[in-house]
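Hi,

Here is the structure I promised to pass on. Have a look at it first, and my notes on what turned up are underneath.

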Amino acid sequence: MIAPLGQLSLALARGEVTPTALLEESLSRIRALDPQVHPFMRLTEPQAQAAARAASARRAAGKALGPLDGVPVGLKDIFCMEGVETTAGSKILQGYVPPYDATVVRKLKEAGAVIVGKLNMDEFAMGSSTENSAYGVTRNPWDLERTPGGSSGGSAAAVAARMVPGALGTDTGGSIRQPAAMVGCAGMKPTYGRVSRFGVIAFASSLDQVGPFAQDVRGVALLLQAIAGHDDNDQTSSARPVPDYAAALERRVAGLRVGVPREYFGEGLAPEVAALVRAGIEKLRGAGCSISEISLPNSPHAIATYYIVATAEASSNLARYDGVRYGHRAKAGQLLEMYERTRAEGFGAEVKRRIMLGTYALSAGYYDAYYLRAQKVRALIRRDFDNAFTMVDAVLSPTSPTTAFKLGERTDDPLAMYLSDVYTVPANLAGLPGISVPCGFDSSKLPVGLQLIGKPFDEETLLRLAHAVEPEKFEEPR
């Protein structure tokens with residue numbers, strides 16, 4: 001059994017386990033469980049074995065690179081990794097092998113992390129259930145008939161099933177926090193610009209952000225510490241110094257002010273989810289936090305706003321996949337025919353739907369009515385949070401309105417699927433950090449997640465609060 005990342009890091013430092021033994025344990029568990037759960041798309045075993053041997057030598061010599069040296073980690077298949085096929089869950093990128101590492105991949109390697117493989121995802125990160133992957137669905141380790149959430153469902157499921165202690169995903173509208181809630185692990189979307197997006201295949205560039213998954217909040221803190229910081233290759237990355245996130249967990253939360261938005265506890269929220277989140281609120285109150293009700297009046301407009309902004313940006317970003325430069329190329333007699341066939345064959349139904357929506361919203365005669373108006377509402381959503389943060393240090397809510405739903409249950413109802421992210425989307429529109437942490441199980445033994453949203457670049461406060469509310473014991477999927 002793979003222990004939580006924070007505990008493993010300490011065990012490695014004490015010499016209680018070696019990186020090579022830890023990798024073998026991880027690979028053994030992947031081989032045993034991946035046929036049923038299917039979080040992995042491909043393993044990078046030769047690279048992982050070499051990295052584990054190097055980490056073991058450094059540990060033995062007392063020259064560890066840091067707390068992640070020798071820790072197995074999985075990557076959502078949206079991150080470019082030199083020499084390893086990277087598809088973003090799409091047929092159109094089948095066979096694409098990047099000649100370089102994404103910045104976060106390079107930083108993980110520099111920290112000594114052992115990258116075990118690439119993880120399944122909704123195609124181009126478009127989805128909330130990992131059912132849109134061109135390479136098969138991923139299942140929830142707690143109930144194989146249910147979704148692990150998405151689009152980073154592979155990353156979440158691999159951590160929850162104890163195949164790897166940590167993983168990276170991306171969050172455009174909740175794609176780290178929502179799956180973390182549905183599988184019962186911790187997942188964080190940092191502030192927009194806190195982590196470089198260089199080498200990350202784009203969905204919606206003003207919303208996408210890279211973040212970590214781990215069983216425990218300390219593991220999330222260690223991963224974020226390794227990947228955060230400025231990158232000359234990404235002009236949207238912040239030059240602010242990177243704090244010691246793990247050290248912040250030692251500080252008490254007494255005196256912190258937590259706001260609970262009334263708009264997040266209304267229609268559509270499952271009663272058992274509401275009860276468990278409210279129990280988490282009381283746990284923070286007992287730890288000395290002050291709790292107050294707040295209002296985020298424009299939050300009900302967030303889903304509509306998001307699906308205009310995100311699809312418009314996706315329409316632009318995905319125009320590059322035309323069969324000319326990389327990935328799939330359809331056979332055709334003429335250039336235009338080749339474009340059309342390549343995109344028809346390479347893209348799945350959800351990606352096509354979003355390209356069509358985004359192209360429509362940006363078209364002449366509709367730009368002002370849809371895209372421009374959505375950007376104005378986006379500004380209002382950010383203003384709501386700015387106003388709230390004059391009174392509170394963090395905002396607390398459910399992560400998802402329900403627990404994990406059954407595979408196939410919402411595939412024919414896109415709107416129902418989109419509403420899975422109703423509580424997570426506002427943080428992306430406002431560019432704010434957010435974390436989901438487990439807060440219990442419903443009567444069906446399905447995990448429930450509690451979400452905390454913070455001020456820009458105040459990940460430390462969120463990690464402290466999440467650490468205070470996370471369970472003392474981490475249960476294993478049956």
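**Salt bridges first**

E293 and R262 pair up through their side chains in a salt bridge, at 3.1 Å from N to O. The two come from distant parts of the chain: E293 sits in strand β8 (residues 290-294), while R262 is in the loop between β7 (257-261) and α9 (271-286), 31 residues apart. With 55% relative accessibility, E293 counts as exposed, because the cut-off for that is over 50%. R262 comes out at 45%, so it counts as partly exposed. Keep in mind while you read that this is a predicted model.

Next up is the pair R42 and E85, another side-chain salt bridge, with 3.6 Å from N to O. R42 belongs to strand β1 (residues 40-43) and E85 to the loop between β2 (72-76) and α4 (103-110), so this contact ties together parts that are 43 residues apart in sequence. How accessible is R42, buried or exposed? At 16% relative accessibility R42 is buried, because anything under 20% falls in that class. Its partner E85 is partly exposed, with a relative accessible area of 24%. These two also have company: R42, D77, E85 and K118 are linked in a network of salt bridges.

Then there is R29 with E476, whose side chains also form a salt bridge (3.6 Å, N to O). Here the partners are 447 residues apart: R29 is in helix α2 (residues 19-37), and E476 is in the segment after α16 (459-469). E476 has a relative accessibility of 43%, so it is partly exposed. And the total for the model? The count comes to 23 salt bridges.

**Cysteines**

How many disulfides does the structure hold? The number is 0. C185 is in no disulfide, and the nearest cysteine sulfur, on C439, is 13 Å away. Since a disulfide needs two cysteine sulfurs within 2.5 Å, that distance rules the pair out. C185 is also buried, with a relative accessible area of 0%. It is a similar story for C289: no disulfide there either, with C439 again supplying the nearest cysteine sulfur, 15 Å away. C289 has a relative accessible area of 4%, so it is buried.

**The inside**

As background, nonpolar side chains in soluble globular proteins tend to be buried together. The largest nonpolar core in this model has 109 residues, and the members that touch the most others are F79, V104, L108, F124, F385, L463 and L465. Which helix gives the most to this core? That is α7 (residues 217-227), with 8 residues. The core also draws on two domains, taking at least three residues from each of domain 1 (5-256 + 392-469) and domain 2 (300-373).

**The outside**

On the surface, Y360, Y366 and Y370 form a nonpolar patch, and together they have about 290 Å² of accessible area. Y370 is placed in helix α13 (residues 367-388). Its relative accessibility is 36%, so Y370 counts as partly exposed.

L335 is another nonpolar residue to look at, and it lies in helix α11 (residues 335-346). At 51% relative accessibility, L335 counts as exposed, because that is over the 50% cut-off. From L335 to D322 is 9.8 Å, C-alpha to C-alpha, and the two are 13 residues apart in sequence.

**Backbone oddities**

Most residues other than glycine have a negative phi, and most peptide bonds are trans. A few places here go the other way.

- G150 and S151 are joined by a cis peptide bond, with omega at about 5°. S151 is in the loop between β3 (114-119) and α5 (153-160).
- A88 is not a glycine, yet it has a positive phi of about 55°. A88 is in the loop between β2 and α4, and it is buried, with a relative accessible area of 0%.
- K445 also has a positive phi, about 65°, without being a glycine. It lies in the loop between β10 (434-441) and β11 (447-454), and at 33% relative accessibility K445 counts as partly exposed.

That's the tour. Shout if you want to go through any of it together.

Cheers

Definitions and conventions: Residues numbered from 1 in each chain as written. Predicted model: local features only at pLDDT ≥ 70, side-chain atom pairs only at ≥ 80, totals over all residues. Heavy atoms only, no water. Patch = residues over 30% accessible without salt bridge, like charges linked within 9 Å, V, L, I, M, F, W, Y side chains within 5 Å. Areas by Shrake-Rupley, 256 points an atom, 1.4 Å probe, with all protein chains shown as cover. Salt bridge = Lys/Arg side-chain N within 4 Å of Asp/Glu carboxyl O. Helix = DSSP H or I, 4+ residues; strand = E, 2+ residues; numbered from the N terminus. Buried < 20%, exposed > 50% of the residue type's maximum accessible area, 1.4 Å probe, protein only. Core = buried A, V, L, I, M, F, W, Y, C linked by side-chain atoms within 4.5 Å. Domains from an automatic or database assignment.
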